[in-house]
Amino acid sequence: MDKKIKIVSILQDFYEDYNFLDQVIALGDSQRKLLGFLPAGAFEDYAEKGWIHVAITPDNVVVGYAAYRLTCDYCSITHICVSPSYRKSKIGVRLVQSVKKIAKGLRKIKLKCRRDYGLEKFWNKNGFVPVNETKGRNLEGKPLTIWEYSIQPSLLTYSSNNKPLIVLDLNIIIAAHFENSPECSALFTEFVSDDVDYRVSQYSFNEANTQQESIKRNEIISTLKSYSLVGVNENNDILDALTEIVGINHFEDIQQLASAIYSGADCFVTLDKKIRAKSSEIFKQFSMNIYTPAEFLINITESISKNRYSPKFVSTGDISFAAFTSFDESELWDKYHNASENKSNFRSVLTKFVTHNDSNGYIFKIIAEGKDLGLCVQRQLNDIIYIEMLRLAKNVFNKYTIANHIVETIIKNALNSGADMILYNENNYAREIESVLHESGFLFAEGKFIKILGKGILHKEQALELYNKTISSLTSKKYDEIPLANLEENMVHPDEAYF
């Protein structure tokens, strides 16, 4: 080991005089055949965040580097590169060790490496284990081994099952899959594709169907079928507003963008110059980022690392739950039903609580600043809050933010009422509601979300004991279906303690 070689983190302001970043890019370019794709803009972004560690000689020459990125709960190594003349001098080991120090408190470190590079012994010695294999996107299609290094979880370890939802315009699909566009193809390199949820709109199929050449048309449609779909836009106000901003001549692209906004996507990636020209105006009205592929690649670390939470535009204290004194079932159905829901089931939940006619069951309109945000049907029985229905109004745009505020208010109100538990007993929940419940510490078992309140830090066994004790204390027979047969086996969260 050459002890004269130092490992330091690039902080551009401090190390600018030595051109460390330029040296890193030059070294990466010289070894590009052995490395995964990383655009120059991403190098600069990584350097600003201190996500590049360099091995330097006493003369401040970069002879190796590690490029990585930190997400909510894991670290992903993008590049480990050592100058050929300095290999077999433990520089690679020291670079990996430096990344491990940064990743303390996270869940794991992961990377991908081509099998034909023969680096199995190197990664094994550094504590990594092969967990899977995938086909590489290199020209030869060489397989990649997925390596992971597990880090002991702690109470500070953040766990999230959510990937940023990214909607791709049809022009991106065509450019990437049929025109070999380097910019668009870069969206599907390993350093990005594992950490995002790429989807398309069903309106992409409509636009693809306008292709005159039948072979190409069928190939495009077949490719679109390999992607999951975002929800269909059911809010004409979104479509009208976008048409006014962008213009009717871009209606197919507007429909795809409207679906992205309606579904609460994190961003929309497109090559459409007209939509990109109006990106600031669209963001101002809908909080939707519009990116070109290159812009997205540079900003992807922010999309992955941040909590998927839009800027607050309403404080929790502004949200109120107003009990309905009377209502029109058809009107509530139009405002709050989910796409796959049966109307009779929706009606039965409302009827169930109207016929109780007591102080324990309520149908609430959720409002803020005079605006209708959602619907909540709930009942308190003993020390448990049962939520039978929780919906977001179809005319709200920032659905994830709204869901965050609503769930926070429900928890606060439950604590003020002295409840020990919240049990969300509904199958037709929106994607935004599901995400927020997980992030707010609800456990999921047998199709129900459970939140235990006011008990401090509970280990899994304590949570199970409290749950069973609370359920057994119920005297009402109206909720015989609620006790869970085996909560422990159906827990989603692997953590050893819950808050």
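This passage describes confidence, strand pairing, helix burial and internal cavities in a predicted model.

A look at confidence comes first. The chain has an average pLDDT of 77, and 78% of the residues reach at least 70. Within the chain, helix α6 (residues 170-177) has the highest confidence, at a mean of 93, whereas strand β21 (residues 497-498) has the lowest, at 28. Two stretches call for some care. Residues 153-161 stay under 50 in pLDDT, and the model gives them 14 contacts beyond four places in sequence. Residues 305-317 are likewise below 50, with 34 contacts in the model beyond near neighbours in sequence. Where pLDDT is low, the predicted coordinates should not be read in detail.

Turning to the strands, an open sheet of five is arranged in the order β10-β9-β8-β11-β12, and its pairing is parallel. Its edges are formed by β10 (228-229) and β12 (289-291), each of which pairs on one side only. Inside this sheet, strand β8 (residues 165-168) runs parallel to strand β9 (residues 197-200), and three bridges link the two. One position to inspect is V167, which faces R199 in β9.

Antiparallel pairing is found around strand β7 (residues 143-150). Strand β5 (residues 108-114) pairs with β7 through seven bridges in the antiparallel sense, and R114 lies opposite L144 of β7. Strand β6 (residues 129-135) is also antiparallel to β7, with six bridges between them. Here E133 has T145 of β7 as its bridge partner. In a regular strand, side chains alternate between the two faces of the sheet.

Several helices contribute buried residues. In helix α3 (residues 40-49), the buried positions are G41, A42, F43, D45, Y46 and A47. After α3 comes G50, with a positive phi near 75°. Helix α4 (residues 91-102) contains S98. Why does S98 count as buried? Its relative accessible area is 12%, and the cut-off for burial is under 20%. Apart from neighbours within four places in sequence, S98 makes contact with I7 and H53.

Helix α19 (residues 431-439) offers a further case, with E432, I433, S435, V436, L437 and H438 buried. Among the elements that cover these buried residues are β16 (384-392), α18 (399-416), β17 (421-424), β18 (443-445) and β19 (448-452). Just past α19, G441 adopts a positive phi of about 90°.

Cavities complete the picture. Rolling a probe the size of a water molecule over the atoms shows where empty space is left. The count gives two cavities of 30 Å³ or more, and the second largest has a volume of about 40 Å³. Which residues line the second largest cavity? The lining consists of I387, L390, V407, I410, I422, Y424, L437 and F442. Three elements, β16, α18 and β17, each provide at least two of the lining residues. These three elements also appear among those covering the buried residues of α19, and L437, itself one of the buried residues of α19, is part of the cavity lining. By residue class, the lining has eight nonpolar residues, no polar ones and no charged ones.

Definitions and conventions:
Residues numbered from 1 in each chain as written. Predicted model: local features only at pLDDT ≥ 70, side-chain atom pairs only at ≥ 80, totals over all residues. Heavy atoms only, no water. Buried < 20%, exposed > 50% of the residue type's maximum accessible area, 1.4 Å probe, protein only. Helix = DSSP H or I, 4+ residues; strand = E, 2+ residues; numbered from the N terminus. Contact = heavy atoms within 4.5 Å. Pairing = 2+ DSSP bridges. 1 Å grid on protein atoms, 1.4 Å probe; cavity = no way out; pocket = protein on both sides within 12 Å on 5 of 7 lines; lining within 4 Å. Points joined across faces, edges and corners; volume = space filled by probe spheres on them. Nonpolar A, V, L, I, M, F, W, Y, C, P; charged D, E, K, R; others polar. pLDDT = per-residue confidence, 0-100.
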